[in-house]
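Trainee: I should like to learn how to read the charged side chains and the overall form of a model. Could you guide me through one example?

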Amino acid sequence: MTQPPHDEPTAQSPEELREQIEHTRHELGDTVQALAAKTDVKARAQEKAAEMKEQAAVKAGELKEQAALKAEQVKAKAAEAASRVQDKLPEPVRERAVQAAGQARATTAQGLHKARGNRQLLVAAAAAGTLVWLIRRKKR
């Protein structure tokens, strides 16, 4: 027979022996379960993938915040530079720039209005084409 481990006392009664056996069974079951979990490559890979996905999401959030902050800084610098340039422009040039911007807005508004009008025309043409197609299909 084998010697009992030195750190555990030997059983004095059959009841104590049963308790030690039961305790050893639980420990052995836990050990086997831990070993089985370590050998389950698919589950470990899925756990690692989920962990990496979470880390990537956190990093993406941090980068998004940094990008937004940088964009605000660049926007503020651009506005400041534009203001300085505008202050240095002679009055006639500034007036022409204002007029050109107004004309550009007007041209854009006209283009949008025409596009909306053409959109209605295109939708009407598509509806008519669909109607003709349905009628011809029923006749067959």
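Mentor: Let us begin with charge: Lys and Arg count as positive, and Asp and Glu as negative, while His and the chain ends are not counted. Please note that this is a predicted model.

Trainee: How many positive and negative side chains does the protein chain have, and how far apart do the centres of the two sets lie?

Mentor: There are 25 positive and 19 negative side chains in the protein chain, with 29 Å between the centres of the two sets.

Trainee: Which helices and strands make up the protein chain?

Mentor: The protein chain holds three helices and zero strands, in the order α-α-α along the sequence. Its radius of gyration is 39 Å, whereas a compact globule of 140 residues would have one near 14 Å. Of its residues, 0% count as buried.

Trainee: How should one read a salt bridge?

Mentor: Side chains of opposite charge can pair when their charged atoms come close. The cut-off is a nitrogen-to-oxygen distance within 4 Å. The whole structure contains four salt bridges. In one of them, Arg84 pairs with Glu80 at 3.2 Å, N to O.

Trainee: Where do Arg84 and Glu80 lie relative to each other in helix 2?

Mentor: They are four residues apart in helix 2, and therefore separated by about one helical turn. Arg84 is partly exposed, at 46% relative accessible area, and Glu80 is likewise partly exposed at 46%.

Trainee: What salt bridge does Glu22 form?

Mentor: Glu22 pairs with Arg25, their closest N and O atoms being 3.8 Å apart. Here Glu22 is partly exposed at 38% relative accessibility, while Arg25 is exposed at 56%.

Definitions and conventions
Residues numbered from 1 in each chain as written. Predicted model: local features only at pLDDT ≥ 70, side-chain atom pairs only at ≥ 80, totals over all residues. Heavy atoms only, no water. Helix = DSSP H or I, 4+ residues; strand = E, 2+ residues; numbered from the N terminus. Rg over C-alpha atoms; globule rule 2.2 N^0.38 Å. Buried < 20%, exposed > 50% of the residue type's maximum accessible area, 1.4 Å probe, protein only. Charge placed at Lys NZ, Arg CZ, Asp CG, Glu CD. Salt bridge = Lys/Arg side-chain N within 4 Å of Asp/Glu carboxyl O.
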